[in-house]
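Work through the exercises below with the sequence and the structure in view. Each task is followed by its solution.

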Amino acid sequence: MSFAASLFSSGEPSADAKNIEAMFKKIMDAVHKSHHDISELRHECAELRMANASLERQVREGLQYNMYNSRNGTPGFMTPAPPSPQLRPKLSPFLIHSIPAITTTSPSPEQVYYRPSPLGDNTLTAFPFVNRDIPGFYVVIPAGGAGTRLWPLSREGHPKFLLDVTLKGRSLIQATWDRLLPLTSAARTTIVAGPAHVKSICDQLPDLIPDNIFCEPGPKDSMAAIGLAAAILALRDPDAVIGSFAADHMISGDDAFLSAVAEAVEVARKDYLVTIGIAPSHPSTGFGYIRLGDKLGIKEAPNARLVSSFKEKPDARTAAQYIGTGAYRWNAGMFVTKATVLLDLLEEYKPELAEGLRKIAAAWDDEALRDTVLNEVWPGLEKIPIDNAVAEPAAAQGRVAVVPATFGWDDVGDFSSLADLLPAEANQPRILGDHHLVLTEQVAGGIVVPGSGRLITCLGVDDLVIVDMPDTLLVTTRARSQEVKRLVKKARDAGWKQLL
């Protein structure tokens with residue numbers, strides 16, 4: 001008798017027959033599931049192709065519209081009078097626009113949804129999908145510096161954060177405002193700036209509340225600027241969590257950025273000084289680095305780690321070694337912490353600076369007294385970056401955390417990095433301004449800024465930086481664009497201060 005016949009010789013199926021039938025059923029289920037998964041993957045791929053094609057079309061149409069039709073389609077050095085900052089800026093290849101609308105109430109536990117996190121090893125992050133506003137979170141935007149590496153496009157009286165250097169119709173400070181608004185509100189967004197820039201900032205950001213712009217009498221670097229805001233906000237709200245974000249940086253991938261900031265706020269509530277570490281795309285010698293330490297194991301911030309140490313700008317070989325380990329992130333100078341924690345750290349490491357800032361903050365709401373105290377105290381404050389003042393010594397004591405993030409970031413620090421942010425045809429230079437004023441033949445790479453209205457012609461030169469302004473002409477190479485600040489110093493020493 002055959003094996004098959006023996007299985008079914010009796011009226012009842014044998015145990016072996018049942019096992020084979022169950023095994024066969026499992027195999028068929030697996031086959032069906034595989035077909036289903038493959039079908040879903042094909043569907044997702046088709047959707048991605050369609051989304052990519054749509055994005056490319058929007059980018060082309062948006063750039064063409066801005067250049068030829070929009071009232072905002074101006075050269076980068078001629079920033080137009082902007083409308084009120086909107087939550088969703090113009091379509092751009094650098095920004096993601098699918099940001100949920102702000103709501104004024106916190107969601108109930110039944111309304112909290114979880115979304116995939118783009119930040120790291122964890123597939124889910126506890127972040128409410130329907131409401132991005134973070135109660136008690138205050139934004140501080142230091143708007144300082146003259147952007148000397150972008151001279152003569154950027155000047156002391158009209159620095160790069162006031163310029164639309166990416167042809168999107170929004171200046172860098174407006175883009176920063178737009179990007180952070182979903183997490184806070186105009187009432188909780190503050191700016192620290194010098195007296196020469198206050199009016200221009202208020203003109204560009206009409207929704208900025210006058211009491212939320214803190215005017216520093218003179219440049220004292222980032223610690224004094226951020227510390228001043230922290231001291232004032234700590235008096236207004238002792239539980240305030242503040243986040244400091246530069247006015248002149250570019251971010252690509254708003255969703256990943258907002259999620260990273262949300263995680264940083266959760267860590268900051270545990271009394272850490274928190275920074276956001278940018279995944280390096282290349283071994284840059286222009287940025288500082290953060291060495292990642294152990295994971296913190298905070299449920300609300302699954303990607304957060306301790307900062308092992310901060311590293312100064314390295315040479316090329318050291319930067320390559322950092323990248324090779326996978327344990328380093330770029331230091332973008334973004335810090336999130338409780339205002340009171342920052343002041344306590346400052347009290348511990350720089351007590352005289354902390355005392356001076358507290359004294360100024362105590363007099364801030366009395367305008368007459370404020371000016372008196374500022375004139376008395378501010379000139380004597382130490383000029384020091386926040387990294388050196390508190391971040392580095394606190395990290396050595398295990399009091400600084402980092403949230404590794406994957407969004408794109410650029411400090412637009414020179415003409416070479418600016419060129420990378422602009423569109424261009426193959427084997428052509430990038431053009432910031434009216435492209436009809438630039439004619440080239442056998443020219444590849446580089447960037448041209450036709451700011452004077454004159455025709456610029458180039459023949460057989462690659463990777464040049466040409467900035468033609470009505471009063472100044474700069475010609476250099478992309479490779480040496482970081483050295484432009486040396487020319488600014490020479491021009492100052494030669495008596496050309498009016499052009500700086």
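**Exercise 1: a pair within one helix**

Lysine 489 is exposed, as is aspartate 493 (exposed means over 50% relative accessible area, buried under 20%, partly exposed in between, with a 1.4 Å probe and protein chains only). The model is predicted, with local features needing pLDDT of at least 70 and side-chain atom pairs pLDDT 80 or more, while totals for chains, interfaces and linings use all residues. Residues are numbered from 1 along each chain as its sequence is written, and side-chain values use heavy atoms, leaving out hydrogens and water.

Task: State how lysine 489 and aspartate 493 meet.

Solution: Their side chains form a salt bridge at 3.1 Å, N to O; the term requires a side-chain nitrogen of Lys or Arg within 4 Å of a carboxyl oxygen of Asp or Glu. Next, place them: both lie in helix α13 (residues 484–493), four residues apart, so about one helical turn separates them.

**Exercise 2: a pair across the chain**

Task: Decide whether arginine 188 is buried or exposed, and find the partner of its side chain.

Solution: Arginine 188 has 14% relative accessibility and therefore counts as buried. Its side chain meets that of aspartate 133 in a salt bridge of 2.8 Å, N to O. The two sit 55 residues apart, arginine 188 in the loop between α3 (172–180) and β4 (189–193), aspartate 133 in the loop between β2 (124–125) and β3 (137–143). Aspartate 133, at 17% relative accessible area, is buried.

**Exercise 3: the total**

Task: Give the count of salt bridges.

Solution: By the rule above, the count is 19.
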